Every structure is written in C-alpha cells, then in structure tokens.
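Colleague: I would like a close look at one part of a structure, explained slowly enough for a first-year student to follow. Please take the cysteines as the starting point, and then set them in the wider picture of the chain.

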Amino acid sequence: MDTDTDVVIIGAGLAGLGAASALRTMHRRCVVLEASGRVGGRAWTTNPASLGGVWFEMGAIWFHDAEHNPLVSIARTAGERLLRSDEIRTERTYVGTRLATEAEARSYDGAWSRFEAATDALLRDVGDVALSTVTQSLPDDPWAATVEAWEGPVICAVDADRFSARDWRRNALGGSNLMPEDGIGNFVDRRLTAGLDIRLNTQVTRVRWGGPGGRVTVETSNGTLTACACIVTVSTGVLASGTLLFEPALPPEVQDSIQALPMGLALKVALRANGPDRLDLPRHCSVDRQVAHSGGSLMPFQCWPLGRDYVQGWIGGGVAWDLAKAGEA
C-alpha cells in the first residue's frame, strides 16, 4: 500500500527521538512531527539575556542514574565531556535560620534509608498507601517530612498525599548524576537528531487509525501524512486535553489510563545577584532546609552553579500549580 512514510511519530521529545532512532536502525522510514519550534521536550537549554547569556536549563539538568542511563553511553561514545554533579556540589542544610549541626546532618543522611524501610513495611503489611502516610508512620523522625517534600513535590512534582508509595519505591532514582558541560538540551539537539526527518512547528490535530491494512492518516497544521503506523509520544496531559483527536476513539482502557496518570508540575525560578555578595555560600552549592510537618512546602536552591552569578530554586506539586494558575505577576 502506498503511504508517505512507514511510521509517523508524534512528539520530538526524548521518547520520540528514541523511537525514530530505533526505527532508523530497522531501516524503516519515519517522520517526526513536533508542535513546537524545537526538539527535546523537557530537555531545553536556553541562553537568557537576563542571566548574562550563559546557558541555562529550562527543564532537565542531569542524566540521572548515570550507570544505567543510555544517554550517557551515547555521550561518551561521541566524546562529550560529562560533569559529575555529585562531586562538584557542596551541600548546606538549615534548621530554621541556622545551619544543621554535624549530628543533625548525620541523622538527615540516614533519613532516606529509614523512610525506605518504613515504606517497605507499610507496603508489606497494609498495601499501597499515599507517600504522606509513610511520614505519618514516623512521628519521631525529625527528617521524615523533609524526605517526603523532596521525593514528592520536588523530585516527582506531586504532593505526597496524592502520590503512590509503591510507585515511588519502584521508580526511586539511584546511581550518580552527570551533566553535559553545555546543557542537556544542547546535547540532545547535537547528538540525537542527525539523519532524522523532524518537522517542527507542525501540530497534529487528528489521527485517523485502523484503516485498510492498518493504514494511519495524520492531519496536521501543515497538511496530511499517511503511514503504516503511528507512534504517539506526547504527554498524558496533552492527551487528556483533547487537542489531539483520534478516529476511531481510543479504547476505553487507554482513555482510563490517560486520565489516571495526570502530569505533575515543577517550576524553576532563577534569581541573579546584582553585586558581588554571594550569601557566604560556595560555588555550586545546594541549599535546603528541614521541613517541620507532612505536607510542608520546600523550595531547595542550587546556588552559583558552576560559579555563575545566580541561584535557581525548584517548586513542585500543588504550590507550583497554584503559582502557574496565578500567572506571571
């Protein structure tokens, strides 16, 4: 059957680029369609004038779990220089307005293993619970709420009372964190797009699937493509919004899964120093604080990354949603 290509891929984030790369090794023709004007999805490096033109990560910063991350092997094969974030980072934790003592810092270091053990006990004895329930099972641990704030809103971008403890335990990050010396977004653009047919600023509006022989017709803002198959890599948030229509409608179990897996939200705020003051903090310093109770908010900061003149902070979960809805002002 005549088609424009073998496979249409919707979305030029890491999943879409990975699918296109795999198809290329199988000698299949494919076209990647991307609604925005760039590739990379949440891997997005910019050079804001407000930060003096240095590169800044709007989204992803690290190659997490570097020992098992396929992007690391791609980078090393290409001769990319990777920085070890865990080795160059200094950490400062505050209890109220003072630095944590050595004894408090040791207790904090052990808090994750205590939190994991409590999670495993609850999953074994009770079944799946909200992540906040783990904190409530550790009323005498002064750092349990801090671990909750990190693992829920900051890392997984969802409030702990809305987050499955089983899901957290299955997917908890491990290993070391590496980063390309000029940003992940730049790395993706440089190393993961060569030889691919990527069409930017092309929004897909409708996918007509299940035609004769499995034929798929994809309608876009720039015309229509036909293919033998279509791989959809956009987020569940986009799918749930209804801006991308499917004919026939997706099976009920797929629609249920989309609704059951909403997106989290994480915001990043950068504040630039307007003079020589560096808050008595060393370069590439991570700053957090003890959270007093379950559900408490935490905004950790990375200060003077790689010696630059700004700090960046993270806000996730419900607080991030509230701020986003309130608008830029």
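How many disulfides does the structure hold?

Modeller: This is a predicted model, and the structure in it holds zero disulfides. In general terms, a disulfide is a covalent bond between the sulfur atoms of two cysteines, and the distance between sulfur atoms is therefore what we need to look at, with a cut-off of 2.5 Å for counting a pair. Take Cys-230, for which the closest cysteine sulfur belongs to Cys-30 and lies 11 Å away, which is too far for a bond. Cys-303 is likewise in no disulfide, and the nearest cysteine sulfur, that of Cys-285, is 5.6 Å from its own. Because a pair has to lie within 2.5 Å to count, the 5.6 Å between Cys-303 and Cys-285 does not make a disulfide. As for their surroundings, Cys-230 is partly exposed, with a relative accessible area of 23%, whereas Cys-303 is buried, at 4%.

To set these cysteines in context, consider the chain as a whole. Its secondary structure comes to 12 helices and 17 strands, and its C-alpha trace spans about 70 × 50 × 40 Å along the principal axes. Of the 329 residues in the chain, 39% are buried. When we take the contacts between residues at least 6 apart in sequence, 65% of them join residues at least 24 apart.

Next comes the interior. In soluble globular proteins, nonpolar side chains tend to be buried together. The largest nonpolar core in this model has 23 residues, and among these Ile-9, Leu-17, Phe-63 and Val-188 touch the most other members. The elements that give two or more residues to this core are β1 (5–10), α1 (14–25), β2 (30–33), α2 (70–77) and α9 (184–191), and α1 gives the most, with four residues. Phe-63 is a good residue to find in the picture, since, leaving aside residues up to four places away in sequence, its contacts include Asn-69, Leu-71, Val-72 and Leu-82, and also Ser-176, Asn-177, Leu-178, Pro-180, Ile-184 and Phe-187. A second core, separate from the one just described, has 19 residues, including Tyr-108, Leu-131, Ala-160 and Ala-165.

Tyr-108 leads us on to the packing of helices, for together with Ser-107 and Asp-109 in α4 it meets Ala-111, Trp-112 and Arg-114 in α5. The axes of α4 (residues 102–109) and α5 come within 4 Å and cross at roughly 35 degrees, and the residues of this contact divide into three nonpolar, one polar and two charged. Helix α5 (residues 111–125) also packs with helix α7 (residues 144–156), at an angle of about 85 degrees and with the axes 9 Å apart, which means that α5 is roughly perpendicular to α7. On the α5 side the contact is made by Ala-111, Trp-112 and Phe-115, and on the α7 side by Ala-144, Val-147, Glu-148, Trp-150 and Glu-151. These residues divide into six nonpolar, no polar and two charged.

Finally, several details of the backbone and the loops deserve a careful look. The peptide bond from Glu-247 to Pro-248 is cis, with omega near -5 degrees, and Pro-248 has its place in the loop between β13 and α11. Leu-250 lies in the loop between β13 (245–247) and α11 (252–260), where it touches Trp-209, Gln-255 and Ile-258, if residues up to four places away in sequence are not counted. Leu-250 and Arg-215 are 35 residues apart in sequence, and 16 Å apart in space from C-alpha to C-alpha.

Two further residues have a positive phi although they are not glycine, and we can take them in order along the chain. Asp-65, with phi near 45 degrees, is found in the loop between β4 (56–57) and α2, and Asp-65 is partly exposed, with a relative accessible area of 25%. Leu-306, with phi near 55 degrees, has its place in the loop between β16 (301–303) and β17 (310–316), and at 23% relative accessibility Leu-306 counts as partly exposed. To return to the opening request, Cys-303 is buried and is in no disulfide, Cys-230 is partly exposed, and the structure holds zero disulfides.

Key. Residues numbered from 1 in each chain as written. Predicted model: local features only at pLDDT ≥ 70, side-chain atom pairs only at ≥ 80, totals over all residues. Heavy atoms only, no water. Buried < 20%, exposed > 50% of the residue type's maximum accessible area, 1.4 Å probe, protein only. Core = buried A, V, L, I, M, F, W, Y, C linked by side-chain atoms within 4.5 Å. Contact = heavy atoms within 4.5 Å. Axes fitted to C-alpha atoms, helices over the stretch in contact; angles between N-to-C directions. Parallel < 35°, antiparallel > 145°, perpendicular 65-115°, else oblique. Nonpolar A, V, L, I, M, F, W, Y, C, P; charged D, E, K, R; others polar.
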